[in-house]
Amino acid sequence: MSRSVLITGGNRGIGYSTVRAFIDRGDRVAFTHRTESASFDLVHDGALPLYCDVTDPEEVESAFKEAEASQGPVEVLVANAGITRDNLLPFMSEEDFATVLDTNLTASYRLAKRAVRGMLKARRGRIILVSSAVALKGEAGQTNYAASKAGLIGFGRSLAREIGSRGITVNIVAPGLTDTAMAAALPEERVAKIIGDVPLGRIGNPEEIASAIAFLASEEASYITGAVIPVDGGISMGH
Ligand code: NDP
C-alpha cells in the first residue's frame, strides 16, 4: 500500500538515501531542501520537492500544506534534517549551542506536532527521528549536538507513550559515523580514531541508515515504538 511520506533534509546524505528507499517501496514521497534546486533525479523519479527551512514555523506549515495537497495527509514523517557546530565547551558560543538545538531538536518537535494532527485523525502513522550514536555515548567537542540528539530520545519516547493508543509509532534511529558531507567535514585523524572504535571497522553508508528507517516505517515494524535503534557498526554498544 502506497503511503504519503515526508522526509526533511532529503536533498543529500542520509535523507537522500531515505527518499530513494521509500520511492523504491512505491510510496508517495515529499522531501525538503533549502538550496535553490532540488535533487534532479529524485524529482525525476516522482518525489515532491518542498522548499523549507525547518527552523521556520511558516515554512514548515507551507511544506505540510503542499505535501497534503499533492499526496494526502502525511502518514510517515522522517525528521532527518540536522547540523553540527562543533567546538569545545569553553569556546562554544551561545549562538552555536542554540542553533544546533533549534535545528535538531526544536524543529523535530515542530514537525512531529504538525504531522500528528493528521495521524491522530487517521488513527495511524509512523514517526522516525534521526538521532545519533553521540546521543548515547557522548563526544568531546559536541556538547550541543549530543544534547540535541539525546533530547530527541526523550522527546520521541514521551510522544510514543502519548499517542501509541492511536496506532501511531515513534522511533529513533541513532546512526554512527556515516559517509556524508557531515562526516567529510571532520578532520582525517578524528575519522580514523572513530573508525578505530567501531567493531565493524568502517564508516557506515547512507543506504544502511535508510534501510533501518524504512524498516521502522514498514508493516513489519508494527509492534515497535519508543525504540532507539543504533545503526553504528557497534560503536555505541553498552551505552
Ligand atoms: P548532511 O550534512 O549531508 O545533510 C544534512 C541535511 O539536513 C541536508 O539535507 C540539509 O539541507 C538538512 N538541513 C540542515 N539544516 C536544515 C534546516 N534548517 N532546514 C532544513 N533542512 C536542513 O548530513 P547527514 O545526511 O549526514 O545527516 C542527516 C542526519 O543524520 C542529521 O540529523 C545528522 O545529525 C544525522 N547523523 C549523521 C551522522 C553522520 O555521520 N553523517 C551520524 C549520526 C547522525 P540542505 O541540503 O538544504 O543543506
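This passage walks through a predicted model of a protein chain with a bound ligand, from its overall confidence to a few individual residues.

Confidence comes first. The mean pLDDT of the chain is 96, and 100% of its residues reach 70 or more. For the model as a whole, the scores are ipTM 0.99 and pTM 0.98.

An unreviewed UniProt entry lists residues 3-178 as "domain: Ketoreductase". Over residues 3-178, helix makes up 49% of the chain and strand 18%. The C-alpha atoms at the two ends of this stretch are 27 Å apart.

Next comes the ligand, which is surrounded by 29 residues. The closest are Gly 9, Gly 13, Arg 34, Gly 82 and Thr 180. Two or more residues of this shell come from each of helix 1 (13-24), strand 2 (28-33) and helix 7 (181-184). Sorted by class, the shell holds 15 polar, 11 nonpolar and 3 charged residues.

Helix 6 is a good place to look at one element in detail. Helix 6 covers residues 143-163, 21 residues in total. From its first C-alpha to its last, helix 6 reaches 30 Å, close to the 30 Å expected at 1.5 Å a residue. Its buried residues include Tyr 145, Ser 148, Lys 149, Leu 152, Phe 155, Gly 156, Leu 159 and Ile 163. The spacing in such a list is easier to read with one rule in mind: an α-helix has 3.6 residues a turn, so residues three or four places apart point the same way. The buried residues of helix 6 pack against two other helices and two strands, namely helix 4 (94-122), helix 5 (133-137), strand 5 (125-130) and strand 6 (168-175).

Ser 158 also has its place in helix 6. Is Ser 158 buried or exposed? Ser 158 counts as exposed because 12 other C-beta atoms lie within 10 Å, and the cut-off for exposed is 12 or fewer. Ser 158 can also be set against Glu 58: the two are 100 residues apart in sequence and 25 Å apart in space, C-alpha to C-alpha.

A final stop is Arg 123, found in the loop between helix 4 and strand 5. Arg 123 is exposed too, with 11 other C-beta atoms within 10 Å. What is the phi of Arg 123? The value is near 55°, which is positive in a residue other than glycine. As background, most residues other than glycine have a negative phi.

Terms used: Residues numbered from 1 in each chain as written. Predicted model: local features only at pLDDT ≥ 70, side-chain atom pairs only at ≥ 80, totals over all residues. UniProt positions renumbered as here; feature names shortened; annotations may be inferred. Helix = DSSP H or I, 4+ residues; strand = E, 2+ residues; numbered from the N terminus. Near = placed C-beta within 6 Å. Nonpolar A, V, L, I, M, F, W, Y, C, P; charged D, E, K, R; others polar. pLDDT = per-residue confidence, 0-100. Expected span 1.5 Å × (residues − 1). Buried ≥ 20, exposed ≤ 12 C-beta atoms within 10 Å, placed from the backbone. Contact = placed C-beta atoms within 7 Å.
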